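User: I would like to work through the helix packing and the buried residues of this model with you, one question at a time. Please reason each answer through before giving the value or name.

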Amino acid sequence: MGFNMRKSINLGGGTKLNIGKTGVGISSGVKGARISTNTNGTTKVTASIPGTGLSYTKNLSKKQAKQNKDTLLLLAQRDVEIINECGTIMNETTSVSTFFSRRKLYMEKLTELSELSKSVKLKGDSPEKKLKMVQKNAVKDINEFIDNVFNDCLDKISTLKRADAKKHRCEKFKNDFSSHESEMEKANIKYYKNKYKELIKEI
């Protein structure tokens, strides 16, 4: 038995990004009338009468197809903007929740861009190679973020005078990361727990 992978992402306004085993496409319209473009460049319009099984399909001209491909390019450009914005925020923030929410969005958009690159020509590095590199360096990147939060926590502890306030700051460090363990590898979990022990020694 063969298995098919298909994912449809609603982009709003009746537009959907369709990701399948053979590539990516985009479709727009309403129930009963849609226009779609797939990875081999074929653009078609489909009209149907819901509930009757009757439908009509027509391939579009190159000029009409180009308009739909331009939409894919705009989506790709928007993904690049979001990816760059997420990267900047992840590098600058010491908020654990912000880091992981932005990392999730970063990975989602990088995956989308990797699929879109199969249909439109993009400048710069291959999104697919970038995605693989980010996945490969996940443990190192998250550990570097843990270090940033650890150093920020140390600085804040040094300004506190009361022992209970220092302990509260240490517990916050631990609790913030523990709530995101599902988004980390075992090596990351072990690393932040060791850093928590180092913080406790500072009290």
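**Helix packing and burial**

Analyst: To begin with one pair of helices, H2 passes H3 in a left-handed crossing. The model is a predicted one, and the axes of these two helices, H2 and H3, come within 8 Å and cross at roughly 145 degrees.

User: Which residues of H3 does H2 meet?

Analyst: On the H2 side the residues involved are Arg103, Tyr106, Met107, Leu110, Thr111, Leu113 and Ser114. Their partners in H3 are Pro127, Glu128, Lys130, Leu131, Val134 and Gln135.

User: Serine 126 lies in the loop between H2 and H3; how far apart in space are serine 126 and serine 114, C-alpha to C-alpha?

Analyst: Serine 126 has a relative accessible area of 30%, and it is therefore classed as partly exposed, since that class lies between the 20% and 50% cut-offs. Along the sequence, serine 126 and serine 114 are 12 residues apart. In space, the C-alpha to C-alpha distance between serine 126 and serine 114 is 7.7 Å.

User: Stepping back to the whole chain, in what order do the elements run from the N terminus on?

Analyst: The secondary structure of the chain comes to six helices and six strands. Read from the N terminus on, the order is β-β-β-β-β-β-α-α-α-α-α-α.

User: What share of the 203 residues in the chain is buried?

Analyst: The accessible surface of the chain comes to about 13,200 Å², and carbon and sulfur atoms account for 51% of that surface. A residue counts as buried here when its relative accessible area is under 20%. Of the 203 residues in the chain, the buried ones make up 33%.

User: Which helix gives the most residues to the largest nonpolar core?

Analyst: The largest nonpolar core has 30 residues, and those with the most contacts inside it are Phe100, Tyr106, Phe173, Phe177, Met184 and Leu199. Two or more residues of this core come from each of helix H1 (62-92), helix H2 (96-116), helix H3 (127-136), helix H4 (138-158), helix H5 (163-178) and H6. With eight residues, the element that gives the most to this core is H2.

User: Are H2 and H4 roughly parallel or roughly antiparallel to each other?

Analyst: H2 and H4 pack with their axes 11 Å apart and at an angle of about 160 degrees, and their crossing is right-handed. The contact is made by Val96, Phe99, Phe100 and Arg103 of H2, together with Ala138, Ile142, Phe145 and Val149 of H4. Because angles over 145 degrees count as roughly antiparallel, the relation between H2 and H4 is roughly antiparallel.

User: Are H4 and H6 roughly parallel or roughly antiparallel to each other?

Analyst: The axes of H4 and H6 are 10 Å apart and the helices pack at an angle of about 15 degrees, with H4 passing H6 in a right-handed crossing. Residues of H4 in this contact include Val139, Ile142, Asn143 and Ile146, and those of H6 include Ala187, Asn188, Tyr191 and Tyr192. Because angles under 35 degrees count as roughly parallel, the relation between H4 and H6 is roughly parallel.

User: Is asparagine 188 buried or exposed?

Analyst: Asparagine 188 has its place in helix H6 (residues 186-201). Leaving aside neighbours within four places in sequence, asparagine 188 is in contact with Val139, Ile142, Asn143 and Ile146. Because its relative accessibility is 0%, asparagine 188 counts as buried.

User: How far apart in space are phenylalanine 173 and phenylalanine 150, C-alpha to C-alpha?

Analyst: Phenylalanine 173 has its place in helix H5 and is buried, with a relative accessible area of 3%. Not counting residues up to four places away in sequence, phenylalanine 173 touches Ile146, Val149, Phe150, Cys153, Tyr192, Lys195, Tyr196 and Leu199. Phenylalanine 173 and phenylalanine 150 are 23 residues apart in sequence, while their C-alpha to C-alpha distance in space is 7.7 Å.

User: Which residues does tyrosine 196 touch, not counting residues up to four places away in sequence?

Analyst: Tyrosine 196 lies in helix H6 and is buried, with a relative accessible area of 15%. Tyrosine 196 and asparagine 175 are 21 residues apart in sequence and 10.0 Å apart in space, C-alpha to C-alpha. With residues up to four places away in sequence not counted, tyrosine 196 touches Cys170, Glu171, Phe173 and Lys174.

Definitions and conventions. Residues numbered from 1 in each chain as written. Predicted model: local features only at pLDDT ≥ 70, side-chain atom pairs only at ≥ 80, totals over all residues. Heavy atoms only, no water. Helix = DSSP H or I, 4+ residues; strand = E, 2+ residues; numbered from the N terminus. Buried < 20%, exposed > 50% of the residue type's maximum accessible area, 1.4 Å probe, protein only. Contact = heavy atoms within 4.5 Å. Core = buried A, V, L, I, M, F, W, Y, C linked by side-chain atoms within 4.5 Å. Areas by Shrake-Rupley, 256 points an atom, 1.4 Å probe, with all protein chains shown as cover. Axes fitted to C-alpha atoms, helices over the stretch in contact; angles between N-to-C directions. Parallel < 35°, antiparallel > 145°, perpendicular 65-115°, else oblique. Left-handed = near helix turned anticlockwise from the far one by under 90°.
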